[in-house]
Number of protein chains: 2
Amino acid sequence: MEQNIRIVLVNTSHPGNIGSSARALKTMGLSKLYLVAPEQFPHAKATAMAAGADDVLANATVVPSLPEALADCQLVIGTSARERRLSWPLIYPRECAHKVVEQAAGQGEVALVFGQERAGLDNSALEQCHYHVTIPSSEEYSALNLAASVQVLCYEIRLAILAQASKAQAPSRGDPKATQAEVEQLYQHLFSTIENIGFFDPKNPGKVQSRLRRLFARAHLEKLEVNILRGILNAVDDKSR
Amino acid sequence: MEQNIRIVLVNTSHPGNIGSSARALKTMGLSKLYLVAPEQFPHAKATAMAAGADDVLANATVVPSLPEALADCQLVIGTSARERRLSWPLIYPRECAHKVVEQAAGQGEVALVFGQERAGLDNSALEQCHYHVTIPSSEEYSALNLAASVQVLCYEIRLAILAQASKAQAPSRGDPKATQAEVEQLYQHLFSTIENIGFFDPKNPGKVQSRLRRLFARAHLEKLEVNILRGILNAVDDKSR
């Protein structure tokens, strides 16, 4: 279960926050940390703040871009401040933890993604997520420290794992989910096809691509569904050639 | 409500942890911080780590001993590691938050007490508490950072306050949903189009229609999304004519 859950930190500025996050993971029984293009890593401050979680740090996977951290994942949840430009399915940490544990219990790979300290996740990153999760912070001051956010989310995940372990295993729901890479290939195929048939003009893109990503992210596509949709797109491609 | 809840830090060693704790309080809508004989305070590191919560720090009450921080309190809960020498009522953060909010809503003064970073609360402090609360951390590594513990407990208190006030509104779920009739028209259009392009054979239907219905039902389509999808289908129809 726990080994199917990864915490992904994107473009982290302060190495101390990477160390504190590693500690937060380990106290909650998690160990898989991915670092996407960290500004400074490895770093003495990261090691110091990790305290007894230096093994989590030593085993962290460092990758240059977010898609590489997510390619084999079947559920991706991104953290988001309340004020968002995108309208995307938005959940609270408790619901988030239930979704994470449900997927991870079925042996699916799950990623929980945290953005850069000040800026958070950008739109391109947020569009790679099935859900956005927000910690219900104060309207007056909502700036949780990065590692504090990691601690709260990992705490809820641990509670959900403990609850799940004390329950009989729920039957698995539905067929296997598509991976992020499969879904991204579907998007590229779809965007190319709607451009070819004249529905989409890349010189005047508007929000069509975002809206289609959001729709299919919400559906959380299964492998077979991706195959059906790509079959339809192939048939359209043949006709419009 | 919130002004009846105080967070008490006892003999804190690292001033940075005092600042991080102040930030944790403020993000969760709390503001009353008591410091019992801190080793170093005020301190530049405390101010730096408080970030935008410097007002919480500036208004903190510094007292020389724990009883002075608790004198007017009607409920006192102390944080405790799992391994305790005392047999005392032990609760988890969620139950703790409910007790805190129940008391604070009745205008009672409530204190949540955190011990020194390494040693925690000593027996004399623990005996001044009505309950002990423990965060269900990993058996392998349970050493949460002090400010991380403050964040988790304050997060649970905030959830309990929001629930109590019936303010816990679900996050907004985006734009208006399509009606059943609009979605059914979309299905009929989709089925007709995929038949015209040769992807679907009504003489040999299989489960494609059911699977497409199930996919889009799960997405719970919005009106605008139905319009985009029908726009794409119209473009396909034009091309395949």
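Which side chains meet in a salt bridge of 2.9 Å, N to O? Select A:Glu109 and A:Arg6, whose side chains form that bridge, a salt bridge being a side-chain nitrogen of Lys or Arg within 4 Å of a carboxyl oxygen of Asp or Glu.

Before going further, keep in mind that this is a predicted model, in which local features need pLDDT of at least 70 and side-chain atom pairs count only at pLDDT 80 or more, while totals for chains, interfaces and linings use all residues. Residues are numbered from 1 along each chain as its sequence is written, chains are lettered from A and ligands numbered from 1 in the order in which they are written, and side-chain values use heavy atoms, with hydrogens and water left out.

**Stop 1: a charged network in chain A**

Stay with the pair A:Glu109 and A:Arg6: it links distant parts of the chain, 103 residues apart, since A:Glu109 sits in the loop between α5 (93-105) and β6 (110-114) of chain A and A:Arg6 in strand β1 (residues 5-10) of chain A. Here helices (H or I, at least four residues) and strands (E, at least two) are DSSP runs, numbered from the N terminus. A:Glu109 is buried at 16% relative accessible area, and A:Arg6 is buried as well at 1%, where buried means under 20% relative accessible area, exposed over 50% and partly exposed in between (1.4 Å probe, protein chains only).

Now add A:Lys32, which forms a salt bridge with A:Glu109, the closest N and O atoms being 3.6 Å apart. Because A:Lys32 belongs to strand β2 (residues 32-36) of chain A and A:Glu109 to the loop between α5 and β6, this pair ties together parts that are 77 residues apart in sequence. A:Lys32 is partly exposed, at 24% relative accessibility.

**Stop 2: a bridge between the chains**

Next, select A:Glu222 and B:Arg218, whose side chains meet in a salt bridge of 3.9 Å, N to O. A:Glu222 lies in the loop between α9 (208-219) and α10 (223-240) of chain A, and B:Arg218 lies in helix α9 (residues 208-219) of chain B, so the pair joins two chains. A:Glu222 is buried, at 2%, whereas B:Arg218 is partly exposed, at 29%.

**Stop 3: the sheet of chain A**

Show chain A as a cartoon and follow the open sheet of seven strands, which run in the order β3-β2-β1-β6-β4-β7-β5 with parallel pairing; two strands pair if DSSP finds at least two bridges between them. β3 (61-63) and β5 (90-91) of chain A stand at the edges with a single partner strand each, so one side of each has no neighbour in the sheet. At the β5 edge, β5(A) pairs in the parallel sense with strand β7 (residues 131-133) of chain A over two bridges, and A:Leu90 has A:His132 as its bridge partner in β7(A).

**Stop 4: the largest cavity**

Where should you look for the residues closest to the centre of the largest cavity? Select A:Leu190, A:Ile232, B:Leu190, B:Leu229 and B:Ile232, which are the closest of the 20 residues that line this cavity. By class, its lining has 18 nonpolar, two polar and no charged residues, with Ala, Val, Leu, Ile, Met, Phe, Trp, Tyr, Cys and Pro counted as nonpolar, Asp, Glu, Lys and Arg as charged, and the others, Gly among them, as polar. A cavity is a set of points, on a 1 Å grid over the protein atoms alone, where a 1.4 Å probe fits but cannot get out, and lining residues have an atom within 4 Å of a point.

How values were computed: On a 1 Å grid over the protein atoms alone, a cavity is a set of points where a 1.4 Å probe fits but cannot get out, and a pocket is an open set with protein on both sides within 12 Å along at least five of seven lines; lining residues have an atom within 4 Å of a point.
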